[in-house]
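What follows is a guided reading of one protein model, meant for someone who is meeting it here without earlier acquaintance. Please keep the sequence and the structure in view while reading.

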Amino acid sequence: MRMKLALFITVLAVPALLAQSPAIRIHAATVIDGTGKVVRNATVVVQGSKITAIETGTGSNATYDLGRLTVMPGMIDVHAHVAWHFDKDGRYAARPGTPAQEILYSAENAYVTLQAGFTTIQSPGSPSDVELRDAVARGVLPGPRILTSIRQLNERSGTPEEIRQKVRQLKSDGADVIKIFASASIRDGGKQTMTDEQLNAACGEARTLGIRTMVHAHSPESIKASVNAGCLQIEHGVFATDDVLKLMADKGVYFDPNVGVVLQNYLKNKEHYLGIGNYNEEGFAYMEKGLKLNADMIKRAVATPKLMMVMGTDAVAGAHGHNADEIVERVRQGNQQPMDAIIGATSLAAKSMNLDKTIGTLAPGYEADLVAVDGDPLTDITAVTRVAFVMKGGTVYKNVSAGSARASRSAP
Ligand SMILES: [Zn+2]
């Protein structure tokens, strides 16, 4: 009887084993887990879409032996405008082209972002993000996981009651986050634009519905008003004073300064933008000044105790694929510790998006979103810009490392 039962179990177990794909083992000299831990001579074991173990020891039975490379979680950009692009004439496409053109440019941006090691982005946002997000999630089109605000709220969004209604509508339209403009653009001086009542309505209603908020705010008063309205995350903050930096730290509000990509990209691509909207000589002069203001602000932000700084670039047309430059510049200009900068682009960024149980950390049970970079980013942060290997959800999207044991796996 016992024998029969054992046989029965064996027969049942065989199809289950066959159905399970073999584990993928990724070995590297160094594994940075995203929360501050470093494991040397380590192997990340992946089964299906998830990490099942991190083992130490040789890479002799590795599927991918990445040698001296450093493995870390797939990077996260909490502020990337994946739809922004230059048109066929090389001009910033302020007015949308055909829907087909728009979505293909977005797909291209998603692809180069993934190849640069970013496995999740938050787009603040464009209506076409919804289709792009869902297409990537179907698992065929290569791109990062995408979160989107779909649209934005600003001072023209109406009365407080109308704003509350718009927040409810955004949520039912599938927005992952509410994007709010509390201040003017840096090209227009960055002063507060929404009233305190409008901000209270936007962030208050979002809180009630359990949807997150991210606020574009440059001036100290617009940052203060947003924090007091219960908004959860502040973007940019070029004119942030020590007072408002401390206020964000005290209130547990995430801060996403953008010091390494966006202004540099605008200045580098000036001829592609100049003459469109507020991309005029005056606007570019503000952005030129913004470089110096940012360099000063980021040092003070890094020095502010307990300030939770997440990694966002504000990547626009021309900047996609250069996202990791932001990490480099926070270390270079802001004297941020490389490990803190990496945490800001991995586990802390995931936490800011309420995804800290699934991504941003290399540990058993997490999604297998990981990259390998050429060098040790803890001693040379520019290593994060040299991405040799990208896996998202257990699928390898890039492998230009020399030491792949089975290169045939490295599709597509
Ligand atoms: Zn932006």
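In this model, which is predicted, the charged end of Lys-289 sits over the ring of Tyr-286, at 5.3 Å from the centre of that ring. A further contact of this kind involves Arg-187, which lies over the face of Tyr-266, 5.2 Å from the ring centre. The two contacts are set out below.

| Charged residue | Ring | Distance to ring centre |
|---|---|---|
| Lys-289 | Tyr-286 | 5.3 Å |
| Arg-187 | Tyr-266 | 5.2 Å |

Tyr-266 also belongs to one aromatic cluster, whose other members are Trp-84, Phe-86, Tyr-92, Tyr-273 and Tyr-279. Across the structure there are eight aromatic pairs. For Phe-86 and Tyr-273, the ring centres lie 5.6 Å apart and the planes stand at 70°, so this pair is edge-to-face. Because Phe-86 is found in the loop between E6 and H2, while Tyr-273 is in helix H9 (residues 270-273), the pair ties together parts that are 187 residues apart in sequence. Both Phe-86 and Tyr-273 are buried.

The loop between strand E6 (75-77) and helix H2 (99-115) also holds His-79, and this residue leads to the metal site. The zinc ion has as its protein donors His-79 and His-81, each through NE2, and Asp-314 through OD, at 2.1 to 2.2 Å from the ion. Along the sequence these donor residues follow the spacing H-x1-H-x232-D. His-79 and Asp-314 link distant parts of the chain, since Asp-314 is in the loop between helix H10 (281-302) and helix H11 (325-334), 235 residues away from His-79. Are these two residues, His-79 and Asp-314, buried or exposed? His-79 is buried, and Asp-314 is buried as well.

A covalent link remains to be described. A disulfide is a covalent bond that joins the sulfur atoms of two cysteines. The count for this model comes to one disulfide, formed by Cys-203 and Cys-231, with their sulfur atoms 2.0 Å apart. The torsion about the S-S bond of Cys-203 and Cys-231 is about 100°, and the disulfide is therefore right-handed. This pair, too, links distant parts of the chain, with Cys-203 in helix H5 (residues 196-209) and Cys-231 in the loop between helix H6 (220-228) and strand E12 (233-236), 28 residues apart. Cys-203 is buried, and the same holds for Cys-231.

Note on methods: Residues numbered from 1 in each chain as written. Predicted model: local features only at pLDDT ≥ 70, side-chain atom pairs only at ≥ 80, totals over all residues. Heavy atoms only, no water. Donors = N, O, S within 2.8 Å, 3.2 Å for Na, K, Ca; no water. Helix = DSSP H or I, 4+ residues; strand = E, 2+ residues; numbered from the N terminus. Buried < 20%, exposed > 50% of the residue type's maximum accessible area, 1.4 Å probe, protein only. Phe/Tyr/Trp six-rings, centres within 6.5 Å; stacked < 30°, edge-to-face > 60°. Lys NZ or Arg CZ within 6 Å of the ring centre and 35° of its normal. Disulfide = S-S within 2.5 Å.
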